[in-house]
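Colleague: I am new to this structure and would like to go through it slowly, one question at a time. Could you show it to me before we begin?

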Amino acid sequence: MDKLLQLGRSLLQPLLAVFVGLAAGAVAISIVGGSITETYAEMWKGAFGSFYFFTNTLSRATPIILIGLGVALAFRAGFFNMGSEGQMVLGALSAAVTAIYLPGPGWFKLTAAIIAGIISGGIWSAFAGWLDARFRMNLLITTLLLNYIATLFAGYIVSYPLKDRTGSAAMAQTVMIDQSVWLPKLFKGMSLHGGFIIAAVGAILLFLFMRYTVKGYETRMLGGNPLFASYGGVQRGKMMLFSMFISGGFAGLAGSVEVLGTQYRYLDGALTSPGYAWSGIMATLLAGSHPLGTAVAAILLAALQTGGMGMERNTDVPLEVSSIIQAVLILFVSAKFTYSFIKRKKAGS
Amino acid sequence: MDFFLDASLYASTLRMVTPILLAALGGAICARVGLFNVGLEGLILIGAFSAIVGNHFTGNVFAAVLFAILCTLIFSMIFSFMSIHLKANVIVVGIALNFLALGLTTFSLRAVFDVKGAYYNKDMVGLPKWDVPILKDIPWLGEILSGHSPLVYLSFVLVIALQLFFFKTVTGFRLLASGENPTAAKSLGIKVSRIQYGAVLMCGALCGLAGAQLSLGNVTMFTEGMTSGRGFIALVATMLGQSNPIGVAGSSLLFGFMDALSIRLQGFALPTHFTMMLPYIVTIAAMLFFKDKGYMQEARKSNESSR
């Protein structure tokens with residue numbers, strides 16, 4: 001009973017935030033003169049209305065879940081990893097290049113491509129961690145800067161050396177990946193692909209890792225109380241490299257499954273313009289860095305996005321209502337820290 | 001070599017640099033009081049949009065700029081209230097505000113002008129171009145320095161003014177003190193949270209100007225998400241300049257020059273990706289040499305408490 005009460009209390013704030021977000025959206029809808037109930041009904045239909053739309057939502061959620069998991073791990077260890085975008089882009093690029101140029105059977109290329117994506121995303125992220133551990137350079141700034149370098153580098157690669165010159169020459173993209181290397185679709189004719197299963201498994205594995213392993217405990221301890229952690233023999237530098245590598249690896253994996261499951265090529269801007277990286281960070285914030293919660297929050301955010309598209313197709317209300325709802329949601333969840341902060345202050349000092 | 005002697009390259013550098021510089025100065029003020037403002041991008045966007053709205057409804061450029069400042073002030077109130085009063089994590093609030101700004105401006109673009117993507121009106125008048133009397137007659141230099149919008153000149157005046165404010169006035173010292181050691185400042189009777197509110201509002205006003213220069217100075221239109229990362233570049237310029245107004249101006253000029261250069265290089269068959277990459281690489285290299293300062297560590301502390 002106690003546990004149930006605790007669960008209810010921890011869910012109260014996010015639910016309240018969702019409610020406030022929807023209320024803010026309702027204000028916006030009524031400003032443009034739409035019917036609130038009708039608009040939200042269309043939004044619901046666009047996200048969950050039919051099996052087709054539901055799978056659409058899940059496939060949009062796939063990269064968001066993976067990025068969110070990576071950021072969640074870094075947050076738990078006390079590091080603000082803002083570089084998911086660059087890590088994802090590099091992961092996607094290396095996965096695409098591996099899948100196109102590596103010889104061998106399809107399953108082999110697929111595995112190699114995914115591993116290449118994880119490793120390159122991880123290394124890019126660990127590089128920022130190394131700069132912080134070795135030179136005390138602010139992680140927040142270096143990860144932000146490395147985003148630009150990564151996206152510009154990937155943009156260069158697909159605009160010049162590896163550009164697809166077979167079709168219309170306007171797009172900066174690599175050639176199409178061979179069909180034998182594609183991630184299989186889960187249902188015929190739907191966009192949902194095997195990457196979603198990878199994301200779901202990743203969420204469960206990360207949850208078990210954080211909960212039951214020594215390394216996971218050390219990570220949580222480092223984030224929760226760095227002084228106590230160093231007293232207990234946790235080396236900040238080593239843990240930083242480790243957790244940043246895993247964190248970036250998840251982002252790289254997100255890029256790989258997008259390339260291998262949805263786009264089948266690296267297309268410049270296809271990963272950055274939908275803002276997957278920022279949605280992933282938002283999902284983590286929403287769930288308070290809990291791995292399973294992050295997955296649920298990612299699906300919620302993806303539903304808001306796909307629902308917004310459905311709403312725009314069928315009503316006069318612009319799509320951006322959903323981004324207003326998302327932003328207000330995050331703002332209100334951020335006040336959660338305060339809420340517990342006040343309580344702790346009253347109880348403690 | 002002719003290429004680098006071309007005056008219009010430097011003139012466009014000055015135009016490019018102004019929004020970044022104004023926002024970076026705002027970021028510097030926030031950093032100095034220990035609030036790391038990741039929301040610059042959103043603040044500039046709100047400024048750019050409200051400048052266009054003000055211009056549309058009043059038809060007066062001066063009123064439009066004032067309206068832009070007013071709107072960003074209201075918006076930065078959210079930031080200060082959440083982060084100072086409710087003690088929410090500044091980074092989280094900043095990220096959320098960027099999203100809110102992007103959503104709100106695009107949404108309002110539909111609601112106010114009933115267009116999607118961009119708003120452009122040929123009758124709309126942008127910021128005036130000032131020809132500086134004597135300066136404009138100097139052959140090469142005149143071409144560079146003259147004929148800009150008043151905000152371009154204002155931004156450089158502000159650099160000097162802020163430098164004097166920070167290091168020569170009592171209020172400036174109080175501001176620095178409340179960032180470096182809030183507890184000590186409080187014990188001296190300095191109202192830290194009031195100073196923080198003031199700093200965030202000042203930052204908001206500067207970002208409003210930055211946005212106005214972006215939408216009414218550089219071009220005369222509004223495009224969805226037209227800041228395209230300038231807020232983050234300004235943030236980096238703040239860091240690179242160690243939150244010193246003069247240093248911030250220097251690093252912003254570097255970014256502006258690279259921006260202008262990469263646009264110019266598009267005319268040649270050179271990949272612009274590398275010229276655009278250069279400022280970021282330079283920044284990382286520069287961060288090796290300029291390490292943590294006291295106030296930076298305060299900012300770090302507030303950054304690292306991620307939950």
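Modeller: Before we start, a word on naming: helices here are DSSP runs of H or I with at least four residues, and they are numbered from the N terminus. Please also keep in mind that this is a predicted model.

Colleague: Then let me begin with a helix of chain B: how many residues of helix α11 (residues 230-240) of chain B are buried?

Modeller: A residue counts as buried when its relative accessible area is under 20%. Among those in α11(B) that meet this are B:Arg230, B:Phe232, B:Thr238 and B:Leu240. The helix is mostly covered, and the count of its buried residues is 11 of 11.

Colleague: Which residue just after α11(B) takes a positive phi?

Modeller: Helix α11 of chain B spans residues 230-240, and the residue in question follows just after that helix. Its phi is about 55 degrees, and the residue is B:Gln242.

Colleague: Since confidence matters in a predicted model, in which helix of chain A is it lowest?

Modeller: Chain A as a whole averages a pLDDT of 86, with 93% of the residues scoring at least 70. Within the chain, confidence is highest in helix α4 (residues 84-101), at 94. The lowest value, a mean of 69, belongs to helix α13 (residues 321-347) of chain A.

Colleague: Turning to the two chains together, how much area is buried between chain A and chain B?

Modeller: The size of an interface is often given as the accessible area lost when the parts come together. The contact here takes 52 residues from chain A and 49 residues from chain B. Carbon and sulfur atoms give 78% of the buried area, which comes to about 4,600 Å².

Colleague: Which three residues supply more than any other three of the area that chain A buries against chain B?

Modeller: The area buried between chain A and chain B is shared among many residues, with chain A bringing 52 of them into the contact. Three of chain A's residues supply 13% of what that chain buries against chain B, and they are A:Tyr148, A:Leu152 and A:Leu331.

Colleague: Which residue of chain A forms a salt bridge with B:Arg110?

Modeller: Side chains of opposite charge can pair when their charged atoms come close. Across the interface of chain A and chain B the rule finds 1 salt bridge, and the closest N and O atoms of this pair are 3.4 Å apart. The pair crosses from helix α12 (residues 291-314) of chain A to helix α5 (residues 90-113) of chain B. B:Arg110 is buried, at 19%, while a relative accessible area of 23% makes the partner partly exposed, and that partner is A:Glu312.

Colleague: Within chain A, how many residues apart are A:Asp132 and A:Arg236, the pair that links distant parts of the chain?

Modeller: These two form a salt bridge whose closest N and O atoms are 3.8 Å apart. A:Asp132 is buried, at 2% relative accessibility, whereas A:Arg236 is partly exposed, at 27%. The former lies in helix α5 (residues 106-135) of chain A and the latter in helix α10 (residues 236-263) of chain A, a separation of 104 residues.

Colleague: By contrast, by about how much of a helix are A:Lys45 and A:Glu42 separated?

Modeller: The side chains of this pair also meet in a salt bridge, at 3.6 Å from N to O. A:Lys45 is partly exposed, at 44%, while A:Glu42 is buried, at 14%. Because they are 3 residues apart in helix α2 (residues 36-48) of chain A, their separation is about one helical turn.

Colleague: For the rings, why does the pair of A:Phe48 and A:Phe54 count as stacked, tilted or edge-to-face?

Modeller: A search of the whole structure finds 22 aromatic pairs over all chains. For A:Phe48 and A:Phe54 the ring centres are 5.9 Å apart and the planes stand at 45 degrees. Planes under 30 degrees apart would count as stacked and those over 60 as edge-to-face, so this pair is tilted.

Colleague: Finally, which ring has the charged end of B:Arg32 over it?

Modeller: The ring belongs to a residue that counts as buried, at 0% relative accessibility. The charged end of B:Arg32 sits 5.6 Å from the centre of that ring, which is the ring of B:Phe166.

Methods:
Residues numbered from 1 in each chain as written. Chains lettered and ligands numbered in written order. Predicted model: local features only at pLDDT ≥ 70, side-chain atom pairs only at ≥ 80, totals over all residues. Heavy atoms only, no water. Phe/Tyr/Trp six-rings, centres within 6.5 Å; stacked < 30°, edge-to-face > 60°. Buried < 20%, exposed > 50% of the residue type's maximum accessible area, 1.4 Å probe, protein only. Lys NZ or Arg CZ within 6 Å of the ring centre and 35° of its normal. pLDDT = per-residue confidence, 0-100. Helix = DSSP H or I, 4+ residues; strand = E, 2+ residues; numbered from the N terminus. Contact = heavy atoms within 4.5 Å. Buried area = accessible area lost by both parts, 1.4 Å probe. Salt bridge = Lys/Arg side-chain N within 4 Å of Asp/Glu carboxyl O.
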